[in-house]
Structure formats: C-alpha cells, structure tokens
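I opened this notebook to keep track of what I looked up, one topic at a time. The entries follow the order in which I went through the model.

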Amino acid sequence: MLEKMANFFENRISDYDEHMRRDIFGAKEFYPFTAACLPACPGAKVLDLGCGTGLELEDYYKINKSADITGIDLSQGMLKKLAQKFPDKKLTLICGSYFEEDMGLEVFDAAVSVESLHHFTKEEKIPLYKKLFGALKSGGYFILTDYFADTTKREEFFAKELLRLKKENGINDNEFYHYDTPLTVEHETQALLSAGFTSVKVLKSWENTYTLKAQK
C-alpha cells in the first residue's frame, strides 16, 4: 500500500537515522561530503529542503557552528527530533511542503537537499527550483545529494509504476505519496537550468547517488 509522504516518515522516526546510515550505499560518505560543500563563513544562511532529522546538519555544524539554518519538512516528528539534536543552534523549522512554503527573495547563501527530491517529476520540480533560485542571494548555490535513475527507461518505469499503484489503490487526490520516482542526472540538470541556474556540476557519486551543485 502507498503511504502519504508525511505519514511514511512519521512512522519511521525511531530508526530513521540508523537505517539511512546503515542501509543506504555511500551514506557514511555523502552526508559529510555534502556538508563540506556548504558555506563555511560564520552565520551563513542555509535552506534545507526535506531536512528530516538533520543528518547532513550533524556534519555541517562541525564545520560551521554559527550557521543559520531554515529547514522545511512534512514530518513534525522528524523536525522535533532535529530540534532535540541541536538545542543551542540557530534553527528555523517549518512543517510543510517545500512546494508550498514561501522562501522569500535573496535570503539564503546556499540551499541543500539530501535524499528527498527523488519522489517528484521534472514538471513538479521546475516551479520549485524557480522559487529556490529566487530565494538564493547573488552568488548563492544549491547542493543536491540524491538518488538518480541510471537510464531514461528506468525513470519512465518508476513514473508509470507510481501511476499504476495509485490507480490500483483508488487514489485520485493530489497528495504526495511515498514512492521513488528518480530522474536521470541529465533530466535533473535540465530542470535546474530551466529554473534559471547558470550551471550544474556533478561533484561526486556513490553508485546511483550523486551530489550536484547548481550555481545561481
């Protein structure tokens, strides 16, 4: 059965951190690598899309203790766990959809998202990325570490399978359901460039997980 996105993560809070570190290939490397790509300047303002329990922030705060983080996530339980981890840090936590939340204009030095955006289509991402582009300061950038499809055929299969499962389960609303529909790196890059980013570079990869840097 498909689960609504927020419910899926609420139901897995207790062992989420352990699962991600233990079961996701490359996680022990890509979390610290992602953190090292973020601004080291004191007080840097960073937007974290789908922040969850803040696994990437655990490493980032070792680099930048005074970073000013705004995190957006659908799961209130995940945000509560994140707040408990860093009671002495400057954290603004928003329970909601990053597709809907206002991010402001030229607010952030950088943005980051880790293992969150592979649930959405290219068409859904472009308006989000346009909003994100606007929220970054001049010279700002977006670090995306995520799971990608290795071929267009696989990308199309995942998208069709989600539609099949929704039909099979009688789901016809516009809610987000937890099912992986990763794009290829090429199509993700196209979405970011279409949103206004001037360049997109692959920084590193671990099998099907890649870190991309999109420059404003």
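**Entry 1: helix α8 and what follows**

I began just after α8, where Gly196 takes a positive phi of about 120°. The model is a predicted one, and I kept that in mind throughout. Going back into the helix itself, which spans residues 185-194, I listed its buried residues as Val185, His187, Glu188, Thr189, Ala191 and Leu192. I then looked up what these buried residues of α8 pack against, and found the helices α6 (122-135) and α7 (152-168) together with the strands β5 (136-147), β6 (199-206) and β7 (209-215).

**Entry 2: nonpolar cores**

Which residues have the most contacts inside the largest nonpolar core? I noted Tyr60, Tyr129, Leu132, Phe142 and Phe197, in a core that has 57 residues. Another core lies apart from it and has 7 residues, including Leu2, Leu162, Ile171 and Tyr177. As general background, nonpolar side chains in soluble globular proteins tend to be buried together.

I followed Tyr129 further and, setting aside its neighbours within four places in sequence, recorded contacts with Leu117, Phe142, Leu144, Glu188, Ala191, Leu192, Ala195 and Phe197. Among these contacts of Tyr129 are Glu188, Ala191 and Leu192, which I had already listed as buried residues of α8. Phe142 and Phe197 are also in contact with Tyr129, and both appear with it among the residues that have the most contacts inside the largest core.

**Entry 3: Thr70**

Is Thr70 buried or exposed? Thr70 is found in strand β2, and I entered it as buried because its relative accessibility is 11%, under the 20% cut-off. Again leaving aside neighbours within four places in sequence, I found Thr70 in contact with Val46, Leu47, Asp48, Thr92, Ile94 and Phe108.

**Entry 4: cavities**

I next searched for enclosed space and found 2 cavities of 30 Å³ or more. The largest cavity holds about 250 Å³ of space, and of the 21 residues that line it, the closest to its centre are Phe9, Gly50, Asp73, Leu74 and Ser116. The elements that give two or more residues to this lining are α1 (5-10) and β2 (68-73), and α1 gives the most, with 3 residues. Sorted by class, the lining of the largest cavity has 12 nonpolar, 7 polar and 2 charged residues.

For the second largest cavity I noted about 50 Å³ of space. Its lining includes Tyr16, Met20, Tyr31, Cys51, Leu55, Glu56, Val114 and Glu115, and the elements that give it two or more residues are α2 (16-23) and α4 (55-63). By class I counted 6 nonpolar, 4 polar and 2 charged residues in the lining of the second largest cavity. Gly50 lines this second cavity, and it is also listed among the residues closest to the centre of the largest one.

**Entry 5: cysteines**

How many disulfides does a search of the whole structure find? I recorded 0. Cys37 is in no disulfide, and the nearest cysteine sulfur, that of Cys41, is 14 Å away. Why is there no bond between Cys41 and Cys37? The sulfur of Cys41 has its closest cysteine sulfur in Cys37, and at 14 Å this is too far for a bond, as the cut-off is 2.5 Å. I also compared their surroundings: Cys37 is buried, with a relative accessible area of 17%, whereas Cys41 counts as partly exposed at 40% relative accessibility.

Note on methods
Residues numbered from 1 in each chain as written. Predicted model: local features only at pLDDT ≥ 70, side-chain atom pairs only at ≥ 80, totals over all residues. Heavy atoms only, no water. Buried < 20%, exposed > 50% of the residue type's maximum accessible area, 1.4 Å probe, protein only. Core = buried A, V, L, I, M, F, W, Y, C linked by side-chain atoms within 4.5 Å. Contact = heavy atoms within 4.5 Å. 1 Å grid on protein atoms, 1.4 Å probe; cavity = no way out; pocket = protein on both sides within 12 Å on 5 of 7 lines; lining within 4 Å. Points joined across faces, edges and corners; volume = space filled by probe spheres on them. Helix = DSSP H or I, 4+ residues; strand = E, 2+ residues; numbered from the N terminus. Nonpolar A, V, L, I, M, F, W, Y, C, P; charged D, E, K, R; others polar.
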